[in-house]
Each structure stands twice: as C-alpha cells, then as structure tokens.
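This report looks at internal cavities and at the charged side chains beside them.

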Amino acid sequence: MVRTAVVALAVCAAPLVRAQEGTPYTGAGLLRASGSVSPGFLLDQGSTNIYLGGKLEYFTEDRVSFRGEGFWYMGSQQKPALLEQNSQLSFGPFLHSVHGRLDLSAGVEAGISLAHPTDQWMHAQQAPDLPYADPAPLRVVPQASLCASLSYAVWDYFHFFVDARYVHARYNGAPSRSIPLDELMLSAGLGWQLRVRQ
C-alpha cells in the first residue's frame, strides 16, 4: 500500500520536475497575480488592521517589474478602532535578484489611501469638558511605500510569496490633530504567473 502511494506520487511529480528544467522563473513578459489576507500594524497607534489584498505585477525586463497593489480594509483587532476605512491603492517599480527558483525583490510605490477615522475614536481623543466636535470626514490621503518581497517558483504557473511593506501616510484635517497612519503590512500566500510575451 505504502509502496503504491510512493510510486503514484513519483509518477505525478515527474512531469512537474521536468517542466521546471531549463525554464526561467522570472523575466520579461511574465505576469504575476496573487491575493491574501494581510495584517497591517499601525506603528504610532499600537493597533492591527486586517486587509484583503491583491497584487498584479508585470516584468518589462528580466530584472525589472512594475507592480500594482490594492488593499481593502476589513477592520481592526482593537476596540475602539482608530479607523472606519483605510483602503489603499499603490503602484511602482521593483528590482529583482533571481537565484534559480528564488526571486528577491525591492521596490518603491506611490499611492493613495481612502481613510476615515471612527467617530468613537475621535470622541475618545477629545478633552471631556469640550463639546463633541464633528467627526473627521472621509479623505483621500497620499502615501508612499517601501517594499521587499521574496517569491519561490514551485511550477510554471504557481509561486509562494512573502511581502513586507512600510507605508507612510498622514491623515490631516481631524478636529483634534493630524493622525499618523504609518503602517507595516505583511502578506504571504500562493501566487499565479503566466508568461504573456516571449
């Protein structure tokens, strides 16, 4: 029984191993995509946000790609939550260092956040003897990100990845003060890739 399972596994794995031989795992014309659930750690607030994230990346040259990322704000793990909304979009270039199946990359991204502090958090920040101010409005906040990424190709069409992003942003216009939204975001999971140009 065990021998039959080992033989079946070897027969199934052989085509995958042969498909990897001689195939570049990155390079010009490669399109990558992935999705994940990503935690974001607000550095100045000591709270953790949860995002549903996705990215699309295209290699224009063998070691240069351009990546677009989106993160939909799902909520905070702390109560009262600082933010009611903090969804993000960003785009930028990445440089890659490829070692066989392993791809290490770093890049910078510019983007925007759609940020809105919660009324409950804003009320908690005000002095108790002052009348409650109007809540801070929903704003488009510019942001800049430094990113590092590691991916490992497991087949022509799949790779595992781990990403880290430092996001710098600041919400201005709150009744009490401006709010720093600097955040460290982590993502990991399974990604897809397809060579669309030779």
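Is Asp 103 buried or exposed? Asp 103 counts as buried, at 2% relative accessibility, where buried means under 20% relative accessible area, exposed over 50% and partly exposed in between, with a 1.4 Å probe and protein chains only.

The model is predicted, so that local features need pLDDT of at least 70 and side-chain atom pairs count only at pLDDT 80 or more, while totals for chains, interfaces and linings use all residues. Residues are numbered from 1 along each chain as its sequence is written, and side-chain values use heavy atoms, with hydrogens and water left out. The chain averages a pLDDT (the predictor's confidence in each residue, from 0 to 100) of 84, and 78% of the residues score at least 70.

**Salt bridges**

The structure holds seven salt bridges, each a side-chain nitrogen of Lys or Arg within 4 Å of a carboxyl oxygen of Asp or Glu. Three of them are listed here.

| Pair | Closest N to O |
|---|---|
| Arg 32 and Glu 57 | 3.8 Å |
| Asp 103 and Arg 32 | 3.1 Å |
| Asp 163 and Arg 67 | 3.7 Å |

Asp 103 lies in strand β5 and Arg 32 in strand β1, so their pair ties together parts of the chain 71 residues apart in sequence; strands here are DSSP runs (E, at least two residues), numbered from the N terminus. Arg 32 is buried, with a relative accessible area of 6%, and Glu 57 is buried at 2%. In the third pair, Asp 163 belongs to strand β7 and Arg 67 to strand β3, 96 residues apart in sequence; Asp 163 is buried with a relative accessible area of 3%, and Arg 67 with one of 1%. Salt bridges that share partners join Arg 32, Lys 55, Glu 57, Arg 67, Asp 103 and Asp 163 into one network.

**Cavities**

On a 1 Å grid over the protein atoms alone, a cavity is a set of points where a 1.4 Å probe fits but cannot get out, and its lining residues have an atom within 4 Å of a point. There are three cavities of 30 Å³ or more, a volume being the space filled by probe spheres set on the points. The largest cavity holds about 60 Å³, and the second largest has about 50 Å³. Among the residues lining the second largest cavity are Arg 32, Lys 55, Glu 57, Arg 67, Asp 103 and Asp 163. Strand β7 gives the most to this lining, with three residues.

Terms used:
On a 1 Å grid over the protein atoms alone, a cavity is a set of points where a 1.4 Å probe fits but cannot get out, and a pocket is an open set with protein on both sides within 12 Å along at least five of seven lines; lining residues have an atom within 4 Å of a point. Helices (H or I, at least four residues) and strands (E, at least two) are DSSP runs, numbered from the N terminus.
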